[in-house]
Amino acid sequence: MRQQVEDRLQYFITGEREEPNEDIMHEVLEELKQENPEEFKKLEEDTEEPKTEKRPRKGDKVEKPKKRIKVSDDKKKKVKKVKKEKKVKKEKKGKKEKKRRGKK
């Protein structure tokens, strides 16, 4: 940091440009990596590059993820039972229709 301040003062005096902050930060990171390589390996493993996604524009269709609802086992059984009953009723109705058609 001290060197960075001195470089800025030098710029005001002579007009000579200093190194950009980004370059300085990269140099500091490299020095720290050399001092503690194990810590940086852990950090690199833990951090991932963030995914950059484009924001949707007006008029674009956006698919929202479906929400999963937690349902108890009892409710699941009731739903299956109701579906089965509906299916049986539908089959019976279909059989009745066939008999009516056959009598005519």
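## Burial and Overall Surface

Of the 104 residues in this chain, 3% count as buried. The model is a predicted one. The accessible surface of the chain amounts to about 12400 Å², and carbon and sulfur atoms account for 51% of that area.

One residue that can be examined for burial is Ile24, which lies in helix α2. Its relative accessibility is 16%. Because buried means under 20% relative accessible area, Ile24 counts as buried at this value. In sequence, Ile24 and Met1 are 23 residues apart. In space, the C-alpha atoms of Ile24 and Met1 are 9.2 Å apart.

## Helical Architecture

The chain contains four helices and zero strands. Read along the sequence, the pattern is α-α-α-α. Three of the helices receive attention below: α1 covers residues 2-14, α2 covers residues 21-35, and α4 covers residues 73-103.

Helix α1 has 13 residues. From its first C-alpha to its last, helix α1 reaches 18 Å, which is close to the 18 Å expected at 1.5 Å a residue. Helix α1 is followed by Gly15. The phi angle of Gly15 is positive, near 90°.

## Salt Bridges Within the Helices

How many salt bridges does a search of the whole structure find? The search finds three. They are described here in order along the chain, together with the accessibility of each partner.

In helix α1, Arg2 forms a salt bridge with Glu6, and the closest N and O atoms are 3.7 Å apart. Arg2 and Glu6 are four residues apart in helix α1, so about one helical turn separates them. Arg2 is exposed because its relative accessible area is 69%, a value over the 50% cut-off. Glu6, with a relative accessible area of 40%, is partly exposed.

In helix α2, the side chains of Glu30 and Lys33 meet in a salt bridge, with a distance of 4.0 Å from N to O. Glu30 and Lys33 are three residues apart in helix α2, about one turn of the helix. Both partners are partly exposed: Glu30 has a relative accessible area of 42%, and Lys33 has a relative accessibility of 29%. In helix α4, Arg100 pairs with Glu97 in a salt bridge whose closest N and O atoms are 3.7 Å apart. Arg100 and Glu97 are three residues apart in helix α4, so about one helical turn lies between them. Arg100 is exposed, with a relative accessible area of 54%, whereas Glu97 is partly exposed at 32%.

## Charged Surface Patches

Which residues gather in a patch of negative charge on the surface? They are Glu19, Glu22, Asp23, Glu27, Glu31 and Glu35. Asp23 is found in helix α2. With a relative accessible area of 38%, Asp23 is partly exposed. Helix α2 also holds the salt bridge between Glu30 and Lys33.

A positive surface patch is formed by Lys92, Lys95, Lys96, Lys98, Lys99 and Arg101. Arg101 lies in helix α4. The relative accessibility of Arg101 is 64%, so this residue counts as exposed. Helix α4 also contains Arg100 and Glu97, the two partners of a salt bridge.

## A Nonpolar Surface Patch

Val5, Leu9, Tyr11 and Phe12 make a nonpolar patch on the surface, with an area of about 430 Å². Is Phe12 buried or exposed? Phe12 is exposed, because its relative accessible area is 66%, and values over 50% count as exposed. Phe12 is found in helix α1, the helix that also holds Arg2 and Glu6.

## Summary

The predicted model is a chain of four helices without strands, in which 3% of the 104 residues count as buried. The chain has three salt bridges. The surface includes a positive patch, a negative patch and a nonpolar patch.

Terms used:
Residues numbered from 1 in each chain as written. Predicted model: local features only at pLDDT ≥ 70, side-chain atom pairs only at ≥ 80, totals over all residues. Heavy atoms only, no water. Patch = residues over 30% accessible without salt bridge, like charges linked within 9 Å, V, L, I, M, F, W, Y side chains within 5 Å. Areas by Shrake-Rupley, 256 points an atom, 1.4 Å probe, with all protein chains shown as cover. Lys, Arg positive; Asp, Glu negative; His and termini not counted. Charge placed at Lys NZ, Arg CZ, Asp CG, Glu CD. Helix = DSSP H or I, 4+ residues; strand = E, 2+ residues; numbered from the N terminus. Buried < 20%, exposed > 50% of the residue type's maximum accessible area, 1.4 Å probe, protein only. Expected span 1.5 Å × (residues − 1).
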